[in-house]
Amino acid sequence: MYTQGLDIPAGDRAVPVADGARPEELRFQARIDADDKIEPRDWMPEGYRKTLVRQISQHAHSEYVGMLPEGNWITRAPSLRRKAVLLSKVQDEAGHALYLYSAAETLGTSRAEMNDQLLTGRAKYSSIFNYPTPTWADVGAIGWLVDGAAIMNQIPLCRCSYGPYARAMVRICREESFHQRQGFELMLALSRGTAEQKAMAQAALDRWWWPSLMMFGPNDANSPHSAQSTRWGIKRVSNDELRQKFVDVTVPQADYLGLKVPDPDLKWNKATGHYEFGAIDWSEFEQVIRGNGPCNVQRMAARRKAHDDGAWVREAAAAHAAKKRAALAEAAE
């Protein structure tokens, strides 16, 4: 859920290659500037590979951890229809993690290594999943706002310069669009319901608005990897541009729901054709990233428990694979 890029001409996004670059680096950059796709067996700079491993694995971790806030509500969904929809969505998120881990493996890193990095805290995941879901309305707010922000971030990744990542994102974005619609429909039902239900929807919007804006990452001036990722065609739209687009699209949706965005500084600027919005509390973002969010400890504890509980399944699968290899080897003799 949870990265960048779209429709920036190559000439506009290119950053000059450093002086003294090797011929293969120049050829690689020329392919990027021509919007060619880089495939696993193609030559690539080590920095490009490491950047992709970091981004794709963290994206996969986000999908994996992202099942937890909503999975918390599967047994308590208010109807069979709502339960089935939520089950389907959580299953989709597991699938997204699978696609992304597979894409990262094409860069020479194993799934076991990536999982170990997550469980030991050496790898990050999206800060948005470290917030609680105290009411059923939070499921709707996540679908509407969090998945809405994810779509803004991820559609450009369908044109990422790395082929396996770009192709994985095509299916992921299609499924995320349904998640966003599901969330909006749930919020619409609550906002058209009783006074208590509408108040619950408003409270969920209040909780998730600012964390959703933080999902786009630091302001451009404070985003350390943006310039290089842009040069390599991994990132195509800046954090601030995506955040502004999200606000411009989402505020009218909140108006339609009859809900109020929790930002006293929010106003329409007729001259620019955009909404102006208040300052983001980046100190909160930094605290959550460092592991001090409301649910950081619970989220990692749940993932470690799942890993430990699944040890017997991994062992059984490995034993079965070894037995099958032995049988094949014996038959070949």
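Reader: Is Val 297 buried or exposed?
Author: This is a predicted model. Val 297 is found in helix H13, residues 296–309. Exposed means over 50% relative accessible area. Val 297 has a relative accessible area of 63%, so Val 297 is exposed.

Reader: How far apart are the C-alpha atoms of Val 297 and Trp 136?
Author: Along the chain, Val 297 and Trp 136 are 161 residues apart. In space, their C-alpha atoms are separated by 22 Å.

Reader: Is Asn 130 buried or exposed?
Author: Start with its place. Asn 130 is in the loop between helix H6 (111–119) and helix H7 (137–154). Buried means under 20% relative accessible area. Asn 130 has 2% relative accessibility, so Asn 130 counts as buried.

Reader: Which side chain joins that of Asn 130 in a polar contact of 2.6 Å?
Author: Look at what Asn 130 touches, leaving out residues up to four places away in sequence. The list includes Val 288, Pro 294, Cys 295 and Arg 299. Tyr 125 is on the list too. The polar contact of 2.6 Å joins the side chain of Asn 130 to that of Tyr 125.

Reader: How is the ring pair of Phe 216 and Phe 246 classed?
Author: The structure holds 11 aromatic pairs. In this one, the ring centres are 5.5 Å apart and the planes are at 50°. Planes under 30 degrees apart count as stacked, and over 60 as edge-to-face. An angle of 50° fits neither, so the pair is tilted.

Reader: How many residues apart are Phe 216 and Phe 246?
Author: Both Phe 216 and Phe 246 are buried. Phe 216 is in the loop between helix H9 (195–214) and helix H10 (226–231). Phe 246 is in helix H11, residues 239–257. The pair links distant parts of the chain, 30 residues apart.

Reader: Over which ring does the charged end of Arg 192 sit?
Author: Another arginine makes a similar kind of contact: Arg 181 lies over the face of Phe 178, at 5.3 Å from the ring centre. The charged end of Arg 192 sits 5.3 Å from the centre of its ring, and that ring belongs to Tyr 256.

Reader: How many residues apart in sequence are the parts that Asp 35 and Arg 236 tie together?
Author: A search of the whole structure finds 19 salt bridges. One of them joins Asp 35 and Arg 236, with the closest N and O atoms 3.3 Å apart. Asp 35 lies in the loop between helix H2 (23–33) and helix H3 (46–65), and Arg 236 in the loop between H10 and H11, so the parts tied together are 201 residues apart.

Reader: Which helices hold Arg 207 and Asp 138?
Author: Arg 207 forms a salt bridge with Asp 138, the closest N and O atoms being 2.9 Å apart. The pair ties together parts that are 69 residues apart in sequence, because Arg 207 lies in helix H9 and Asp 138 in helix H7.

Reader: Is Asp 138 buried or exposed?
Author: Its partner Arg 207 is partly exposed, with a relative accessible area of 31%. The cut-off for buried is under 20%. Asp 138 has 0% relative accessibility, so Asp 138 counts as buried.

Reader: About how many helical turns separate Arg 243 and Asp 240?
Author: Their side chains meet in a salt bridge of 2.9 Å, N to O. Arg 243 is buried, with a relative accessible area of 1%. Asp 240, at 28%, counts as partly exposed. The two are 3 residues apart in helix H11, so the separation is about one helical turn.

Technical notes:
Residues numbered from 1 in each chain as written. Predicted model: local features only at pLDDT ≥ 70, side-chain atom pairs only at ≥ 80, totals over all residues. Heavy atoms only, no water. Helix = DSSP H or I, 4+ residues; strand = E, 2+ residues; numbered from the N terminus. Buried < 20%, exposed > 50% of the residue type's maximum accessible area, 1.4 Å probe, protein only. Polar contact = N/O pair within 3.5 Å; in protein donor to acceptor, adjacent residues only side chain to side chain. Contact = heavy atoms within 4.5 Å. Phe/Tyr/Trp six-rings, centres within 6.5 Å; stacked < 30°, edge-to-face > 60°. Lys NZ or Arg CZ within 6 Å of the ring centre and 35° of its normal. Salt bridge = Lys/Arg side-chain N within 4 Å of Asp/Glu carboxyl O.
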